[in-house]
Amino acid sequence: MRKALFAVLLIAVFLTGSTARGAETIQRFPPPDFTETNHQIPEHILSSLQNPSERSVLDTLVLLATMAATIYMVFYGRTRKGVTAVSLACLLYFGFWREGCVCPVGSIQNITLGLFDPSYAVPWVVVAFFAIPLVASLFYGRVFCGGVCPLGTIQDVVLWRPVKVPRWLGEPLGILPFVYLGAAVLFAATNSIFIICSYDPFVPIFRLAGPLHMFLVGGGFLLLGMFVGRPYCRFLCPYGALLNITARVSMKRVTTTPDECVVCGLCDDSCPFDCILRPTDEKEAEL
Amino acid sequence: MKITPRALILAALPAILASLGYFAGTGLARSHRDVALADRVALEVAGQVEGRTDASKSFHLSGRKVEELYTSAAAIERRFRIGTALLGIWCGLVICLKAVGAARRSRRTEFEVDQGHCLSCARCYEYCPRERLRWAGSSGKAPQKPGKKA
């Protein structure tokens with residue numbers, strides 16, 4: 001059953017990515033010249049307009065390299081320090097240097113628009129950013145979240161005294177990423193707004209530019225993130241909703257213990273994201 | 001299998017949310033620039049607002065007919081109603097599956113990683129005594145106490 005689901009999801013990712021027609025990122029029109037008003041185009045916009053193709057290639061290569069490094073650290077090296085190092089490097093590169101764009105989270109909308117609007121050509125770098133973490137999750141689980149995503153890493157950096165979210169709260173909140181995913185697909189398919197990008201709480205922090213209310217929302221998430229592990233990732237991220245599905249059929253599975261479990265419970269105590277399932281006793285299993 | 005009121009509500013939830021979504025579609029369609037523009041132009045034509053916005057000025061200067069704009073906006077509203085109904089079905093299915101998953105009793109004799117939720121951060125490795133033994137064995141040193149809790 002798991003292998004069948006794996007095959008179906010792999011084909012679905014491939015078809016989705018290939019149907020959205022990849023377009024070369026080229027600068028067709030130079031930036032306007034504001035000689036009369038002497039307006040200065042913000043640096044972060046100007047830099048993104050220069051050499052878009054070369055940047056796309058570099059971004060994709062960095063994504064592949066960091067994904068490969070994370071997979072090695074998690075499954076073969078089995079080292080938290082390695083994962084931390086990769087994730088901090090990605091925070092600096094994809095977050096503060098590339099200012100959070102292109103990112104897989106927002107790519108959902110581009111792919112959706114490419115599927116519903118034949119006149120919209122999705123840049124190939126966006127297709128790559130959408131597909132690479134999903135395909136990796138089919139083989140290795142949510143390695144993108146743990147080692148690459150800058151949105152997750154910035155929350156990890158501020159994590160201080162994690163508290164366990166009670167099940168009665170965590171389970172309903174776990175529905176929100178799927179609702180957000182559906183809403184994002186709806187608004188993108190109708191060519192209205194890209195809500196994921198418009199309401200991304202951390203991109204204004206990466207760019208040090210944006211509406212005040214989004215700075216406040218981002219600050220709120222970081223404040224909450226000091227006590228609740230990765231609140232955006234667990235309770236809102238729409239790409240995480242997709243990874244949640246694909247990771248369940250992954251070929252290789254994360255295991256805390258390298259061999260047998262001695263049922264000490266230390267892993268459950270240590271996990272700030274409530275990702276460890278406890279053993280059930282016989283009475284509970286029979287209910 | 002016993003059919004409880006809760007099971008009936010869960011089964012009907014996608015249809016209920018689809019209906020709610022269908023009626024909410026008209027409101028959500030206002031987020032589309034052409035629908036918002038059509039509303040504004042309609043208010044200007046009816047004389048209910050004074051002046052023009054930048055968008056309505058551009059529209060009038062473009063030479064497009066108002067009827068074309070209204071037709072386009074109506075088509076977008078129809079698409080939104082269908083889309084929000086589908087969103088309602090999606091949300092209903094997600095809630096149903098979550099409820100079924102939460103009610104399911106699976107048997108586990110040891111601690112396992114929830115593959116769908118695990119973020120592959122590797123924090124748990126350094127707390128596992130078996131992992132620490134493996135490190136100690138490979139490095140030749142005695143196992144150290146785990147660091148501060150994550």
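Student: What covers the buried residues of α8(A)?

Tutor: This is a predicted model. In it, the cover over the buried residues of α8(A) includes α4 (80–97), α5 (104–116), α12 (203–207), α13 (212–225) and α14 (231–235) of chain A.

Student: How many residues of helix α8 are buried?

Tutor: Helix α8 of chain A spans residues 150–158, and 7 of its 9 residues are buried, so the helix is largely enclosed by the rest of the structure.

Student: Which ones are they, in α8(A)?

Tutor: The buried residues of α8(A) are Pro150(A), Leu151(A), Gly152(A), Thr153(A), Ile154(A), Gln155(A) and Asp156(A).

Student: Stepping back, how many helices and strands does chain A have?

Tutor: Chain A has 17 helices and 3 strands. It is made of 287 residues, of which 48% count as buried. Taking the contacts in chain A between residues at least 6 apart in sequence, 79% join residues at least 24 apart.

Student: Now the other chain. How many residues does the contact take from chain B and from chain A?

Tutor: Chain B contributes 45 residues to the contact and chain A contributes 63 residues. Between them the two chains bury about 5300 Å², with 63% of that area on carbon and sulfur atoms.

Student: Why give an area for an interface?

Tutor: The size of an interface is often given as the accessible area lost when the parts come together.

Student: How many salt bridges are there between chain B and chain A?

Tutor: There are 5 salt bridges between chain B and chain A. One of the salt bridges joins Arg130(B) to Asp259(A), with the closest N and O atoms 2.7 Å apart. Across this interface there are also 17 residue pairs in polar contact, counting pairs with both residues at pLDDT 80 or more.

Student: Which elements of chain B supply at least two residues each to the side that touches chain A?

Tutor: They are α4 (66–103), β1 (112–113) and α5 (129–139) of chain B. The element that gives the most is α4(B), with 10 residues. By type, the residues on this side of chain B divide into 21 nonpolar, 10 polar and 14 charged.

Student: And β1(B), in which sense does it pair with strand β3 of chain A?

Tutor: The pairing is antiparallel: β1(B) and strand β3 of chain A, residues 276–277, are joined over 2 bridges. Within β1(B), Val113(B) is the bridge partner of Ile276(A).

Student: What does Thr256(A) touch?

Tutor: Leaving out residues up to four places away in sequence, Thr256(A) touches Arg78(A), Cys267(A) and Ile276(A), as well as Val113(B), Cys124(B), Tyr125(B), Cys128(B) and Glu131(B). Ile276(A) and Val113(B), the bridge partners mentioned above, are thus among its contacts.

Student: Where is Thr256(A) placed, and is it buried or exposed?

Tutor: Thr256(A) sits in the loop between α15 (238–247) and α16 (266–270) of chain A. Its relative accessible area is 9%, so Thr256(A) is buried.

Student: Back to charges. How many salt bridges are there over all chains?

Tutor: The whole structure holds 17 salt bridges over all chains. In one of the salt bridges, the side chains of Lys164(A) and Asp268(A) meet at 3.8 Å, N to O. This pair links distant parts of the chain, 104 residues apart: Lys164(A) is in the loop between α8 and α9 (167–173), and Asp268(A) is in helix α16 of chain A.

Student: Are Lys164(A) and Asp268(A) buried or exposed?

Tutor: Lys164(A) is partly exposed, with a relative accessible area of 38%, whereas Asp268(A) is buried at 7%.

Student: Which residues are linked in a network with Lys164(A) and Asp268(A)?

Tutor: Arg234(A), Asp274(A) and Arg278(A) are linked with Lys164(A) and Asp268(A) in a network of salt bridges.

Student: In chain B, what forms a salt bridge with Arg30(B)?

Tutor: Glu77(B) does, and the closest N and O atoms are 3.3 Å apart. Glu77(B) lies in helix α4 and Arg30(B) in the loop between α1 (5–28) and α2 (33–45) of chain B, so the pair ties together parts 47 residues apart in sequence. Glu77(B) counts as buried at 16% relative accessibility, and Arg30(B) as partly exposed at 33%.

Student: What about Arg81(B) and Glu77(B)?

Tutor: Arg81(B) and Glu77(B) also form a salt bridge, with the closest N and O atoms 3.8 Å apart. Because the two are 4 residues apart in helix α4 of chain B, about one helical turn separates them.

Conventions:
Residues are numbered from 1 along each chain as its sequence is written. Chains are lettered from A and ligands numbered from 1 in the order in which they are written. This is a predicted model: local features need pLDDT of at least 70, side-chain atom pairs count only at pLDDT 80 or more; totals for chains, interfaces and linings use all residues. Side-chain values use heavy atoms; hydrogens and water are left out. Contact means heavy atoms within 4.5 Å. Buried area is the accessible area (1.4 Å probe) that two parts lose on being put together, summed over both. A salt bridge is a side-chain nitrogen of Lys or Arg within 4 Å of a carboxyl oxygen of Asp or Glu. A polar contact is a pair of N or O atoms within 3.5 Å; within protein, one must be able to donate a hydrogen and the other to accept it, and residues adjacent in sequence count only if both atoms are side-chain atoms. Ala, Val, Leu, Ile, Met, Phe, Trp, Tyr, Cys and Pro count as nonpolar, Asp, Glu, Lys and Arg as charged, and the others, Gly among them, as polar. Two strands pair if DSSP finds at least two bridges between them. Buried means under 20% relative accessible area, exposed over 50%, partly exposed in between (1.4 Å probe, protein chains only).
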